[in-house]
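Hi everyone, thanks for making time for this. I'd like to walk you through a structure that may be new to you, so please have a look at it with me.

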Amino acid sequence: MRHRTVALFALIVLIAAATPIRADEVIFNNGDKLTGKVLSADGGKLKIKSDVAGEVSVDMKDVRTFSTDESVQVRMKDKTLVRDKIVAAPQGATTQPTGTVEIAGKTVPLDEIKRLGGKQAWTGSLLVNGSLARGNTHSTDLGVAADAALRRDDEFHDDRFSLAGAYNFGKQRTGGVDTTSADNWFGQVKYDRFFTDQWYGYGLLRYDHDRLAFLNYRLSPGVGVGYQWVESAAFNFSTEAGVSYVYEDYSNDGNDDKVALRLAYHLDKKLNEHVSIFHNLEWLPAFDDPADYNLNADAGIKAKMTDKLFSEFKIQYQRDSTPAPGAEKNDIRFLLGVGYQF
């Protein structure tokens with residue numbers, strides 16, 4: 001019985017040793033190879049995770065061909081969607097051009113692949129900033145901001161959900177008397193439905209509150225269309241135009257409302273693997289009086305400290321051309337904080 005057990009164990013070991021270890025493989029134009037797990041392809045970059053090299057991002061133009069052991073979702077630039085294994089183009093074939101793969105039995109140039117990978121999950125960040133001073137200066141400032149987005153691009157959906165919000169609070173003591181120096185927050189929910197790779201329709205709802213500006217709340221729902229000029233892991237730029245209804249309720253002087261044109265854009269750009277910049281602008285002039293408008297804008301830089309932690313410096317600018325009586329038209333904030341991204 002013991003001999004049979006040993007023989008069976010030896011047979012299992014031999015079978016395991018004879019079975020090739022399967023892995024995705026990337027073959028470069030210079031003949032080098034990298035094995036591991038192909039994670040994604042987007043914006044002309046191919047990302048692969050190797051046991052030896054870790055997570056590596058390479059330019060697609062440097063890749064001759066690659067393969068996957070499992071079926072993956074491939075979005076072509078002509079909006080065709082395929083879910084299948086990717087097979088490496090035959091090596092040494094004189095009729096086989098470089099920079100190609102085989103998908104579903106067809107030869108596909110790599111530059112026709114828009115995106116690889118169908119994983120859909122919420123991504124976003126949580127940011128905290130603040131300052132504390134005791135002594136001649138006695139002040140406390142705290143800010144919290146969060147955002148999240150879900151981009152779906154599969155056989156059934158081509159849309160994007162996004163959520164954003166922030167709260168800022170400040171208090172200072174002068175002559176033994178505590179006064180509030182900041183108390184404002186906003187929340188926004190937005191939905192984009194893509195009709196083509198570039199054109200999409202949107203609907204959004206934003207809510208603002210600022211106690212020091214005598215603003216109980218500003219409610220501004222809106223609808224419109226947008227154009228996604230660039231969408232990739234390294235660079236995104238979009239513009240939007242639509243109509244919004246703006247209703248403002250003041251703590252010291254009733255309320256006000258208007259129907260406004262909405263013009264906006266969003267830009268974010270990776271400068272390298274660790275540093276990125278961003279800029280957003282939203283302008284809402286009233287149709288009956290363009291001099292009556294609201295403007296929301298920010299610009300900043302973000303630097304990765306670890307895979308999840310980052311630091312961010314942001315300038316935030318808001319203008320209400322017709323504020324509540326006694327309130328300033330402009331609000332400018334300089335925010336420096338540490339965040340966690342998921």
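Let's begin with a small sheet. Three strands form an open sheet here, in the order β8-β9-β10, and their pairing is antiparallel. Which strands stand at the edges? Those are β8, residues 86–88, and β10, residues 106–109; each has a single partner strand, so one side of each is left without a neighbour in the sheet. From one strand to the next, the twist averages 40 degrees.

Now look at the pairing of β9 and β10. Strand β9 covers residues 100–103, and 4 bridges join it to β10, with the two running antiparallel. To pick out one pair, Ile103 has Lys106 in β10 as its bridge partner.

A word on confidence, as this is a predicted model. The chain has a mean pLDDT of 87, with 91% of its residues at 70 or more. Over residues 15–20, though, the pLDDT is below 50, and this stretch has 0 contacts in the model beyond near neighbours in sequence.

Let's move on to the second largest pocket, which holds about 360 Å³ of space. It is lined by 18 residues, and the closest to its centre are Gly43, Gly44, Lys77, Ile113 and Lys114. Two or more lining residues come from each of β2 (33–42), β11 (113–116) and β17 (215–231). Which element gives the most to this lining? That is β17, with 4 residues. And what is the lining made of? The residues divide into 7 charged, 6 nonpolar and 5 polar.

Thanks for listening!

Definitions and conventions. Residues numbered from 1 in each chain as written. Predicted model: local features only at pLDDT ≥ 70, side-chain atom pairs only at ≥ 80, totals over all residues. Heavy atoms only, no water. pLDDT = per-residue confidence, 0-100. Contact = heavy atoms within 4.5 Å. 1 Å grid on protein atoms, 1.4 Å probe; cavity = no way out; pocket = protein on both sides within 12 Å on 5 of 7 lines; lining within 4 Å. Points joined across faces, edges and corners; volume = space filled by probe spheres on them. Nonpolar A, V, L, I, M, F, W, Y, C, P; charged D, E, K, R; others polar. Pairing = 2+ DSSP bridges. Axes fitted to C-alpha atoms, helices over the stretch in contact; angles between N-to-C directions.
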